Amino acid sequence: MDAKKVTAIVTRAVPYGDTDMIITLVSLEEGKLTVTAKGCLKPKAKLRYATEPMNFGEYMLAGRPERLVLADCAQIDSFSPITLDIEKYYASALILEGLQKLSPESQPMLFKHAIEVLKALAYEGKGAEEGVRDFLLYALRDNGYTVDFATCNSCGCVLDGEAVFSEKDGIVCPHCADYQGVGIDSYTRAYLSGEDNIPTTLKNKANMTLSEIVFQVLGLRLGKHYFTEIL
Ligand SMILES: [Zn+2]
């Protein structure tokens, strides 16, 4: 039986049978992995913490690649303060969902950025909306798609007020836009270029626009649940 060690975070956990769990890990080294955690639903299971979503650690895995089994885990962090704040909890659920969907293979940059955002949410006072915004921007940038909300991608003018996004042109001023783009209002544009001082409802609207851009560029609908909960 082979054994291997990966640095990973739990993105999903479902009970299996009477006492087992099936966990989805996203690892720095290999991207998404599905792992059986035997006996982890027993009351005194030693590795139960290692099956909790958002647990981050060094995972020892045994078994064949198509049937990995959890052997041990050295916890690095559980980001537990996040679970005390419902808004941050939903934000982190979106981050875990996004990381998992975007990591069929290893995505080292996005992995590190996701951990950074979770840390900032847990310990550095980052707000839930800023966590979602930052993660979605990393999702674009770490997949090679540069988004610049400060200058028109077509004529190069400094954006001030509204802008328009299309997959073909990127983010452009209203003069350069064709009629099929996604409209970006001035609050949204300011927020997505780093201005945090706007009302929460407008932040959420900005994040929905950003998730639409992610959908058009990467083909992934992220945070469907998140955006339903906050409305
Ligand atoms: Zn322009």
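Guide: In this predicted model, a donor of the zinc ion is an N, O or S atom within 2.8 Å of the metal.

Visitor: What makes certain residues count as protein donors of the zinc ion?

Guide: The SG atoms of Cys152, Cys155, Cys173 and Cys176 lie 2.3 to 2.4 Å from the zinc ion. The cut-off is 2.8 Å, so these sulfur atoms are counted as donors. Along the sequence, the donor residues follow the spacing C-x2-C-x17-C-x2-C. Cysteine 155 and cysteine 173 are 18 residues apart and link distant parts of the chain. Cysteine 155 is in the loop between helix H3 (128–141) and strand E6 (163–166), while cysteine 173 is in the loop between strand E7 (170–172) and strand E8 (182–184).

Visitor: Why is the site of the zinc ion called tetrahedral?

Guide: The angles among the four donor atoms run from 104 to 115 degrees. Four donors count as tetrahedral if all angles lie between 85 and 135 degrees, and the site is therefore given that name. For four tetrahedral donors, the ideal angle is 109.5 degrees.

Visitor: How do you know whether cysteine 173 is buried or exposed?

Guide: Cysteine 173 has a relative accessible area of 4%. Buried means under 20%, so cysteine 173 is buried.

Visitor: And how is cysteine 155 classed, buried, partly exposed or exposed?

Guide: The relative accessible area of cysteine 155 is 47%. Buried requires under 20% and exposed requires over 50%, so cysteine 155 is partly exposed.

Visitor: Why are E1 and E2 said to pair?

Guide: Strand E1 (residues 3–16) and E2 share eight bridges, in the antiparallel sense. At least two bridges are required, so the two strands are paired. One of the bridges joins proline 15 to methionine 21 in E2. Three residues lie between the strands of this hairpin, where glycine 17 takes a positive phi near 70 degrees.

Visitor: What makes E2 and E3 a pair as well?

Guide: E2 and strand E3 (residues 31–37) are joined by seven bridges, again antiparallel. As at least two are needed, E2 and E3 also pair. Isoleucine 22 stands opposite threonine 36 in E3. Three residues separate E2 and E3 in their hairpin.

Visitor: Why is strand E2 described as mostly covered?

Guide: Seven of the eight residues of E2 (residues 20–27) are buried.

Visitor: How do you know that the span of helix H1 is close to the expected one?

Guide: H1 (residues 86–101) has 16 residues and reaches 23 Å from its first C-alpha to its last, close to the expected 22 Å. At the start of H1, a side-chain oxygen of aspartate 85 comes to within 3.0 Å of the backbone nitrogen of glutamate 87.

Technical notes: Residues are numbered from 1 along each chain as its sequence is written. This is a predicted model: local features need pLDDT of at least 70, side-chain atom pairs count only at pLDDT 80 or more; totals for chains, interfaces and linings use all residues. Side-chain values use heavy atoms; hydrogens and water are left out. Helices (H or I, at least four residues) and strands (E, at least two) are DSSP runs, numbered from the N terminus. The expected span of a helix is 1.5 Å times one less than its number of residues. A polar contact is a pair of N or O atoms within 3.5 Å; within protein, one must be able to donate a hydrogen and the other to accept it, and residues adjacent in sequence count only if both atoms are side-chain atoms. Buried means under 20% relative accessible area, exposed over 50%, partly exposed in between (1.4 Å probe, protein chains only). Donors are N, O and S atoms within 2.8 Å of the metal (3.2 Å for Na, K and Ca); water is not among the atoms, so sites may look incomplete. Four donors count as tetrahedral if all angles lie between 85 and 135 degrees; four count as square planar and six as octahedral if opposite donors are over 155 degrees apart and all others between 65 and 115; anything else is irregular.
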